[in-house]
Amino acid sequence: MGQQLREGPTFSLRRESRFLVAELSDPHLVFSTSVRNGGQQTTLRYVVNHQSCEATRHQERHDLITGMGQEAYHDLACAEIGLPAGEVALMGTAANMNYAAVVLKEDRGLEVTAVVTAGVQGNAACAGDPANWREGAQGWEKVDGTINTMLLINRPLTVAAMARAVVTMTEGKTTALQRLAVRSLYSGDLATGTGTDQFAIAAPARGDQPLTSASPHVKLGELIGSAVRDATLEALRWQNGLEPSYTRGIFTALARFGLREESFFDDIAPFLTDHDLDLMRRNSKAVFYEPLMAAAAFAFASVMDRVQYGTLPPQCRRRSPAPPSGNHGREPCRTSASMGRISGATHG
């Protein structure tokens, strides 16, 4: 049985099992990444997001989709929800539709509704990271989370404004990832999205004078950016348990530089006495999430970023001192060594 989520002036949004369906009440200009009916369209009646598979090891569904092809799967998914395939822009994801975030922003009658499902634990990436796939004349070859955004605007847009809305929407999504310090799984950078992100934007094709800009300098751009940012933050809170206070841990700050919880105590052992190491093990969570420790960790991350990007010279990286005499003598993890010194200062 369907659940009505929002009745807007130009659309109706409902959830039905593994599907989110926005039914457009009037002709709309729709711009989307849908495999079928994608790009710019004016004849679509539905924008749909759906959970096409489970997050990991759902091989049967993967084989079904790849075996029949994306366009045929589009038809199958539309048939499952009882919608005409030729009138649907479709997005797919492993994210749970019950975790979808719906955020409304408005200004003097202008309304922007962002509907976002998001997961970043599987393939968060930064634009420009090394890629693992190449598309050529023979198809795809492996060179080897998803954030889906549905954006519903109640005023007509020019085609140029629609294109700019994509940029502003993407910047809003990236802002959410930066606030949560989500790291790329493919490089040492912070993530800007995932490798499988999809979107669909819909605005009425007729009505008032079309809006001509979705830049962040104008109100429409502000509404798009803030709605997508807030909806992405909320969706990640539900799907991945991410929220700002949770991300204060030292591993959130420094995992992209090699700090790992599973090897932390081995790495830091050369810089602590046996007594202090045992004490830290027994109070590990208090150390890992201690505010001053987290502050130091994010400060280290900022300096290492600036060195990596060329703002600061390499010698600005703090060098590790020799471990205390009589300790284990293993080659230390430089970051863990630094954290050991901070731990001693804050808990000594």
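These are my notebook entries on helices, loops, aromatic rings and contacts that I looked up in this structure.

**Before starting**

I am working with a predicted model, in which local features need pLDDT of at least 70 and side-chain atom pairs count only at pLDDT 80 or more, while totals for chains, interfaces and linings use all residues. Residues are numbered from 1 along each chain as its sequence is written, and side-chain values use heavy atoms, with hydrogens and water left out.

**Entry 1: helix α2**

I began with helix α2, which covers residues 70–81 (helices are DSSP runs of H or I with at least four residues, strands are runs of E with at least two, and both are numbered from the N terminus). Helix α2 has 12 residues and reaches 17 Å from its first C-alpha to its last, close to the 16 Å expected at 1.5 Å a residue; the expected span is 1.5 Å times one less than the number of residues.

Which residues of α2 are buried? I found Y73, H74, A77, C78 and I81, where buried means under 20% relative accessible area, exposed means over 50%, and partly exposed lies in between, with a 1.4 Å probe and protein chains only. These buried residues cover an arc of only 140 degrees around the axis, so they sit on the same side of α2; the arc is that of the directions from the helix axis to the C-beta atoms. As a reminder to myself, an α-helix has 3.6 residues a turn, so residues three or four places apart point the same way.

I then looked at what covers this side, counting a contact when heavy atoms lie within 4.5 Å. The cover of the buried residues includes the strands β2 (11–16), β3 (19–24), β6 (46–51) and β7 (88–93), together with helix α1 (59–68). After α2 comes G82, whose phi is positive, near 75 degrees.

**Entry 2: α1 against α2**

How do α1 and α2 pack, and at what angle? Their axes are 6 Å apart and the angle is about 120 degrees, with axes taken as lines fitted to C-alpha atoms, for helices over the stretch in contact, and angles running from 0 to 180 degrees between N-to-C directions. The two helices are therefore oblique to each other; angles under 35 degrees would count as roughly parallel, over 145 as roughly antiparallel, 65 to 115 as roughly perpendicular, and the rest as oblique. On the α1 side the contact is made by R61, L64, I65 and M68, and on the α2 side by Q70, A72, Y73, L76 and E80. I noted Y73 twice, since Y73 is also listed among the buried residues of α2.

**Entry 3: positive phi in two loops**

Most residues other than glycine have a negative phi, and most peptide bonds are trans. I therefore wrote down N37, a residue other than glycine whose phi is near 65 degrees. N37 lies in the loop between β4 (28–32) and β5 (39–41), and N37 is buried at a relative accessible area of 17%. R108 is not a glycine either and has a positive phi of about 50 degrees; R108 is in the loop between β8 (101–107) and β9 (110–119), but counts as exposed at 85% relative accessibility.

**Entry 4: aromatic rings**

How many aromatic pairs does a search of the whole structure find? It finds seven, where rings of Phe, Tyr and Trp (its six-membered ring) pair if their centres lie within 6.5 Å, and planes under 30 degrees apart count as stacked, over 60 as edge-to-face and the rest as tilted. One of them is the edge-to-face pair of F31 and F199, at 5.9 Å centre to centre and 65 degrees between the planes. F31 is partly exposed at 26%, whereas F199 is buried at 13%. F264 and F265 form another edge-to-face pair, at 5.4 Å and 85 degrees, and both residues are buried. F264 and F265 also belong to one aromatic cluster with F251 and F288.

**Entry 5: a loop residue and a helix end**

T10 is in the loop between β1 (3–7) and β2 and is buried, with a relative accessible area of 8%. Leaving aside residues up to four places away in sequence, T10 touches E23, L24, S25, D26, H28, I153, N154 and P204. R179, in helix α3, is exposed at 51%, and under that same exclusion R179 touches R229 and L233.
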